[in-house]
Each structure stands twice: as C-alpha cells, then as structure tokens.
Amino acid sequence: MEYRGHFSIGQKENFHYNYSVTQKRSIFACVLVFVIILLLNGFMRFSAGRAANFGDGLLQALPMAVVGGVALYLFNVIMIYVRIRTMYKKNLMQPFHQDVLIDGVGLHATSERGTMDLPWANIGTVQELGNLFLFFVSNTNAYVIPKKQMKDPAAEAATIRAILREHMDASKLKLLG
C-alpha cells in the first residue's frame, strides 16, 4: 500500500506547524500565569483586608487570573502569526510545492528544494491534527501534509493512517481516526 500526493506548503501550513510545536509549552505557560496571578492577587487581597479570608481573596482574584492566562495565550498565537508573516515578507521563507510518497520504506518528498527520503526508523512521531499530518523528525522539525489540499481528504487520510499503523509503533502515532 502506498500514498501519493502533491501539496503546496505556504504561510498557513507553516503557522499550523509552528502552533502545534509550541502549543504544549504555551498552554503550560498560560496555566502557570493563571496560578501565579490567582495566588498572588488572592493573598494580597486577603492580607490587605479586602477579603474576609484567603478563599474569598482567591474568588475575587479569579477573573483577573483568567484574563491574564487568556491574554498570554492570545499573545503567543499572535506572535507566531506575526513571526511567520514577517519571515515570508522578508523572503526568509517562501512557499513551495512538494510531491509526497508514503510507502513501506517511509516518507519521500520531492520539491524545488530537492529530494528527501525519510525511513520509518527516522520518524519520531506522527501527529494528525484536524487539517494536517505532521511527521516529526525531532521535537522542532516536522514534515507537513495538509489534508485540505487532498482531493478526497477522508479517504486519503484513512490511507495514510493505515500505512502508518502498518509500519510504525502505535506509541509514536497520535492519530484522529
């Protein structure tokens, strides 16, 4: 069994890739900011006498903590978008087309930049998101296959999943279907 596809990798695909790579760290940072704001503000309210007890201080600080966590998350997303957009405007990154073959040997991609053959043993994990597949070689380096560009996304995604399940350890797969 094999899969062949032709894809354009541009600004939108790079944004999704960068977002998925930083998502866990970003959420952790937002939760940490939420907890710090909640505890510090709650303690300050209690110690200043604006709250009858520490629990009341925490309840009063809750809206500010939620706003702080959400604001940091939105800031992170906006910064990823701005960074990617700036790189494209400065021609540090450029869109490209790639032909992909996924077979019993691994992932093979050909583009204007050259040819890449990635055997199954060199793929760390494969993550399927709602709109793309990410083949991670390392924690910060992945090959992108956008599902929105497939002729029949449901059938083609099912084919890719079947190939992955046949050739990769299940612990390395984070698939939707």
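**Sheet, core and buried charges in a predicted model**

Good morning. I begin with one pair of residues: Val-126 stands opposite Phe-135, which belongs to strand E6. Please keep in mind throughout that this is a predicted model.

That pair introduces the sheet. Strand E5, residues 125–128, and E6 are paired in the antiparallel sense, over four bridges. As general background, the strands of a sheet pair through backbone hydrogen bonds, either parallel or antiparallel. Here the sheet is open and has four strands, in the order E7-E6-E5-E8, and its pairing is mixed. The edges are held by E7 and by strand E8, residues 173–174; each has a single partner strand, so one side of each has no neighbour in the sheet.

Phe-135 brings us next to the interior. The largest nonpolar core has 32 residues, and those touching the most other members are Ile-102, Phe-133, Phe-135, Ile-145 and Leu-164. Which elements each supply at least two residues of this core? They are strand E1 (3–9), helix H1 (11–47), strands E2 (96–102), E3 (106–111), E4 (114–119), E6 (132–138) and E7 (141–146), and helix H3 (153–167). Of these, E6 gives the most, with five residues. Another core, of five residues, lies apart from this one; among its members are Phe-15, Ile-80, Ile-84 and Tyr-88.

I turn now to the charged residues. How many salt bridges does the model contain? The count comes to three.

Two of them involve Glu-128. In one, Glu-128 is bridged to Lys-147, with the closest N and O atoms 2.6 Å apart. This bridge links distant parts of the chain, 19 residues apart: Glu-128 lies in strand E5, and Lys-147 in the loop between E7 and H3. Both Glu-128 and Lys-147 are buried. In the other, the partner of Glu-128 is Arg-161, and the closest N and O atoms are 2.9 Å apart. Again distant parts of the chain are linked, since Arg-161 is in helix H3, 33 residues from Glu-128 in strand E5. Arg-161 is buried, as is Glu-128. Glu-128, Lys-147 and Arg-161 are thus linked in a network of salt bridges.

The remaining bridge joins Arg-4 and Glu-2, whose closest N and O atoms are 3.1 Å apart. Are these two residues buried or exposed? Arg-4 counts as exposed, at 57% relative accessibility, while Glu-2 is partly exposed, with a relative accessible area of 42%.

Helix H3 also holds Glu-156. Glu-156 is buried but has no salt bridge. Why is there none? The nearest side chain of opposite charge, Lys-151, is 6.3 Å away, and a salt bridge needs the nitrogen and the oxygen within 4 Å, so the pair does not qualify. The side chain of Glu-156 does make a polar contact of 2.6 Å with the side chain of Tyr-3. Setting aside neighbours within four places in sequence, Glu-156 is in contact with Tyr-3, Met-150 and Lys-151.

I close with a point about the backbone. Asn-91 is in the loop between helix H2, residues 54–89, and E2. Its phi is near 60°, a positive value in a residue other than glycine. Is Asn-91 buried or exposed? Asn-91 is exposed, with a relative accessible area of 52%, because exposed residues are those over 50%.

Thank you for your attention.

Technical notes: Residues are numbered from 1 along each chain as its sequence is written. This is a predicted model: local features need pLDDT of at least 70, side-chain atom pairs count only at pLDDT 80 or more; totals for chains, interfaces and linings use all residues. Side-chain values use heavy atoms; hydrogens and water are left out. A nonpolar core is a set of buried Ala, Val, Leu, Ile, Met, Phe, Trp, Tyr and Cys residues joined through side-chain atoms within 4.5 Å. Buried means under 20% relative accessible area, exposed over 50%, partly exposed in between (1.4 Å probe, protein chains only). Lys and Arg count as positive and Asp and Glu as negative; His and the chain ends are not counted. A polar contact is a pair of N or O atoms within 3.5 Å; within protein, one must be able to donate a hydrogen and the other to accept it, and residues adjacent in sequence count only if both atoms are side-chain atoms. Contact means heavy atoms within 4.5 Å. Two strands pair if DSSP finds at least two bridges between them.
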